[in-house]
Amino acid sequence: MPIQVTMPALSPTMEEGNLAKWMVKEGDSVAPGDVIAEIETDKATMEVEAVDEGTVAKIVVPEGTEGVKVNALIAVLAEEGEDAADAVKAAEGGASAKAGAKAPEAEKPAEAVAPAEKAEAPAQAKPKSASSGEGERVFASPLARRLAKEAGLDLSAIAGSGPKGRIVKADVEAAGKDGGAKAAAAAPAEAASAASSAPQAMSDDQVLKLFEEGSYELIPHDSMRKTIARRLVEAKSTIPHFYLTLDCEIDALLALRKKLNEAAPKVKTGEGEKPAYKLSVNDMVIKAHAKALAMVPDANVSWTENAMVKHKNADVGVAVSIPGGLITPIVRRADEKTLSAISNEMKDLAARARSRKLKTEEFQGGNTAVSNLGMFGIKDFAAVINPPHATILAVGAGEQRAVVKDGEVKVATVMSVTLSTDHRAVDGALGAELLAAFKQVIENPMAMLV
């Protein structure tokens with residue numbers, strides 16, 4: 001039986017990718033775990049591993065091809081003893097007919113549902129995937145998908161026992177025996193009615209008719225810009241944002257930063273000696289925000305419809321501008337790390353983000369985020385929450401301002417910060433407590449060293 005290799009979904013937000021490079025050629029034998037291709041997504045370049053054993057009978061999509069849809073056929077493997085030509089003929093015939101019996105991964109597009117933007121991404125690429133009726137991507141082997149389809153079982157209701165929670169044959173068989181995981185019911189009519197009555201954005205034609213023909217040029221959106229647009233619409237449509245702003249005096253922080261940088265030991269590199277670290281104000285903001293979450297653990301949460309997800313660690317995402325958009329790499333356990341460790345980790349994450357070399361787990365998830373536009377001279381702004389976070393801290397520029405102390409006007413370096421909260425999870429009082437804790441740490445920066 002021929003084995004179809006399809007364009008994998010390397011993250012829950014991926015709808016298409018670029019096939020950058022083949023690591024195998026026709027006639028090569030592959031085993032599960034072998035790297036067979038490099039795929040470029042909207043945010044990173046990732047290696048794809050084989051999940052089946054066989055011989056590469058045909059490479060369907062040549063390397064360098066852009067815009068390959070998820071689940072599109074990209075190669076065919078022949079099983080042991082199977083003629084390559086016969087395998088190709090059978091596989092391509094199955095794909096064109098969209099039949100799931102011999103090639104279960106080539107499902108009808110109508111059966112797939114767009115992946116939820118806020119779903120947690122798997123730590124590694126998983127080439128075969130399905131989608132539940134509620135939009136959450138489910139990872140399963142081709143055989144498991146076929147068996148579930150034949151048995152009328154809902155994959156999203158089956159717990160996977162394979163690597164990284166992947167659903168395998170045994171999981172489907174067990175679900176069938178106990179009578180669980182029945183196929184998902186159709187969406188209620190009232191839900192469809194509500195969706196049809198929701199406000200609709202202007203169509204492309206409606207927008208273009210407002211401008212004189214020839215007075216503009218059209219620049220097609222790349223996959224990153226499309227993803228950013230979807231996530232922003234989702235965030236502002238589904239999260240009740242609430243905003244809190246206060247000013248922090250950072251003269252003590254700037255003085256401490258200067259002393260720490262001057263005291264940095266020198267390390268030898270290929271280009272000579274250089275400081276072991278160079279702290280930025282943003283590094284100290286990350287640390288202060290993480291410590292504030294540790295001080296106010298009730299604000300270190302994510303919202304779900306059935307329960308509040310209370311996090312044990314402070315994993316802080318940091319918005320990084322890259323060509324075509326932005327990405328939010330995550331500093332894990334930032335409350336436990338030293339300032340120098342945070343600084344060096346951020347430099348590495350930002351560099352690899354700009355070259356699109358981040359791993360999926362390095363930018364998916366996290367508990368909160370920091371967005372700093374102070375380097376552009378922005379005084380204050382309100383950031384959009386990045387699901388599944390419940391908070392994001394927007395940081396403005398530090399500037400000298402007149403402040404009143406003990407009845408006297410004095411000059412201080414002041415930085416305005418705005419905390420956006422998901423009001424379902426972090427209401428006004430709790431958000432104010434978190435922001436007050438942040439101010440306490442920022443204005444007493446020695447607390448970051450203990």
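This briefing introduces the overall make-up of the protein, one of its helices and one of its cavities. The model you are looking at is predicted. It holds 10 helices and 22 strands, and 43% of its 450 residues are buried.

**Overall make-up**
- Many contacts link parts of the chain that are well separated in sequence: of those between residues at least 6 apart, 63% join residues at least 24 apart.

**Helix H6**
- A good place to start looking is helix H6, which covers residues 223–238 and has 16 residues.
- From its first C-alpha to its last, H6 reaches 22 Å, close to the 22 Å expected at 1.5 Å a residue.
- The buried residues of H6 are Met 224, Thr 227, Ile 228, Arg 231, Glu 234 and Ala 235.
- Viewed down the helix axis, these buried residues fall within an arc of 130°, so they line one face of H6.
- Their packing partners are three strands: S11 (241–249), S17 (320–322) and S18 (325–327).
- Turn to the other side of H6 and you will find Val 233 and Ser 237, which are exposed.

**Cavities**
- Searching the whole structure turns up 2 cavities of 30 Å³ or more.
- The second largest cavity has a volume of about 40 Å³.
- Around this second largest cavity sit Val 5, Trp 22, Val 24, Val 30, Ile 36, Val 56, Ala 75 and Leu 77 as its lining.
- That lining has 8 nonpolar residues, with no polar and no charged ones.

How values were computed:
Residues numbered from 1 in each chain as written. Predicted model: local features only at pLDDT ≥ 70, side-chain atom pairs only at ≥ 80, totals over all residues. Heavy atoms only, no water. 1 Å grid on protein atoms, 1.4 Å probe; cavity = no way out; pocket = protein on both sides within 12 Å on 5 of 7 lines; lining within 4 Å. Points joined across faces, edges and corners; volume = space filled by probe spheres on them. Nonpolar A, V, L, I, M, F, W, Y, C, P; charged D, E, K, R; others polar. Helix = DSSP H or I, 4+ residues; strand = E, 2+ residues; numbered from the N terminus. Expected span 1.5 Å × (residues − 1). Buried < 20%, exposed > 50% of the residue type's maximum accessible area, 1.4 Å probe, protein only. Arc of directions from axis to C-beta. Contact = heavy atoms within 4.5 Å.
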